Amino acid sequence: MSQLSNKIKSDFPIFEKSSLVYLDNAATTQKPQSVLDSINSSYTESNANVHRALYALGAKATEKYEGAREKISAFIGANSHKEIIFTSGATESLNLLAYSLGNDINPGDEILISEMEHHSNIIPWQQLAKRTGSRIQYIPITKDGELDLNHSDQLFNSNTKIVSITHISNVLGTVNNIKKISSLANQCGATFIVDGAQGAAHKKIDVKNLGCDFYAFSGHKMLGPTGSGVLWGKYELLEKMDPFMGGGEMIDKVTMTTATWNDTPYKFEAGTPNFIQAIGLGAAVDYLEAIGMNEITNHEEHLTKYCLHQLNKIKNIEIHGSAKSRIGVISFNIKDIHPHDLAQFLNEYNIAIRVGHHCAQPLLSKLNETATARLSTYLYNDEQDIDKLCQALNEIISHFK
Ligand code: 7TS
């Protein structure tokens, strides 16, 4: 398995230049040469605004942009490229939904999220609730860090209009049972949204099989450029929704007083889109598919087991969450050492992890922590990275004695 990551590491220029141990992949991922080449060649060979230019360069840019949409559609098992909206990331995708679905939300309606959500799957709903007089309900979590669906008949009820749940926790690594939540959401007739920011990078996604109505994710967490993101939605639902932002290209006809909208998905892509980033995301998808998502999942499962085994040998470590189904996003605290000190010392070893609240303050307060240390792996990480981390942690602990 580590042979896979050795081969893969050489595709990423950042690892050539230093002995970096990069374990902050839940925040963002490094980019392979093929993605960098795609961005570079888009700027040097096909840079013109998409969907509006009548000259050849514009047609080339549009063809590449729409080609990326087709690739992403196939990558997640969508019915058609018309179900793919390019956004700047999961945050924009979720805000789009909270805004555009909000027209059908009334006082007394309930929006069901969970205690393990990232702020970008909390704040838009809080704002919607404030705007409409609706309420937010939370699915609690168990001490293992799994969704507690014991009282699902109360949580999923006739007032529940929207259910929006993370596929994978960015703090605990828990992989939620999306199919189960889908069936509960369906039973009460709610719209079901999955925050796939940590999902699409690590698992083979088949949106139809998951049974959700919308799936939101970020390109930069799956080897793509920053500023690339996706919202997938069922076509018939997107058709019914109002646009999120107004501006160029999202319209059909505009008069002094009125406007009609462009076709789906273009009515949701106001202004000049991040088309070069979207094309770069297409290159990232090509790269991931060439390796195979199942191969990536297997590699990460092996590495997560190894990592948990090694971390558990460290004195006074508390690992948060022990979900049965999980990925290599592992949060921990070490007794009497503040996570921020840990991260600073690890930096001396050229090891990058994230510390803090991970934009999930409600979850952190549930864990009775204000900050944790968090490592998060990806396809290019290997056992040596984990060994270096554990050795450094042991040395840091001995300094603090
Ligand atoms: N949802 C989840 C579950 C996330 O982990 C993140 C980002 C987002 C949504 C938002 O994604 P964005 O690309 O739009 O910012 N999570 C993290 C993290 O864990 N550390 O930095 C960003």
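**Exercise 1.** Determine which residue stands opposite Thr372 in E15, and place the pair in its sheet.

*Solution.* Gly356 stands opposite Thr372 in E15, where strands (E, at least two residues) and helices (H or I, at least four) are DSSP runs numbered from the N terminus. The model is predicted, so local features need pLDDT of at least 70 and side-chain atom pairs count only at pLDDT 80 or more, while totals for chains, interfaces and linings use all residues. Residues are numbered from 1 along each chain as its sequence is written, and side-chain values use heavy atoms, without hydrogens and water.

Next, E14 and E15 (residues 372-376) pair in the antiparallel sense over three bridges, pairing being assigned if DSSP finds at least two bridges between two strands. The open sheet of four strands then reads E11-E12-E15-E14, with antiparallel pairing. E11 (317-320) and E14 (354-356) each have a single partner strand, so one side of each is left without a neighbour in the sheet.

**Exercise 2.** Describe how H4 (residues 56-75) packs with H11 (residues 275-291).

*Solution.* The two helices pack at an angle of about 45 degrees, with their axes 8 Å apart; axes are lines fitted to C-alpha atoms, for helices over the stretch in contact, and angles run from 0 to 180 degrees between N-to-C directions. That makes H4 oblique to H11, since angles under 35 degrees count as roughly parallel, over 145 as roughly antiparallel, 65 to 115 as roughly perpendicular and the rest as oblique. Finally, the contact (heavy atoms within 4.5 Å) includes Ala61 and Phe75 of H4 and Phe275 and Glu289 of H11.
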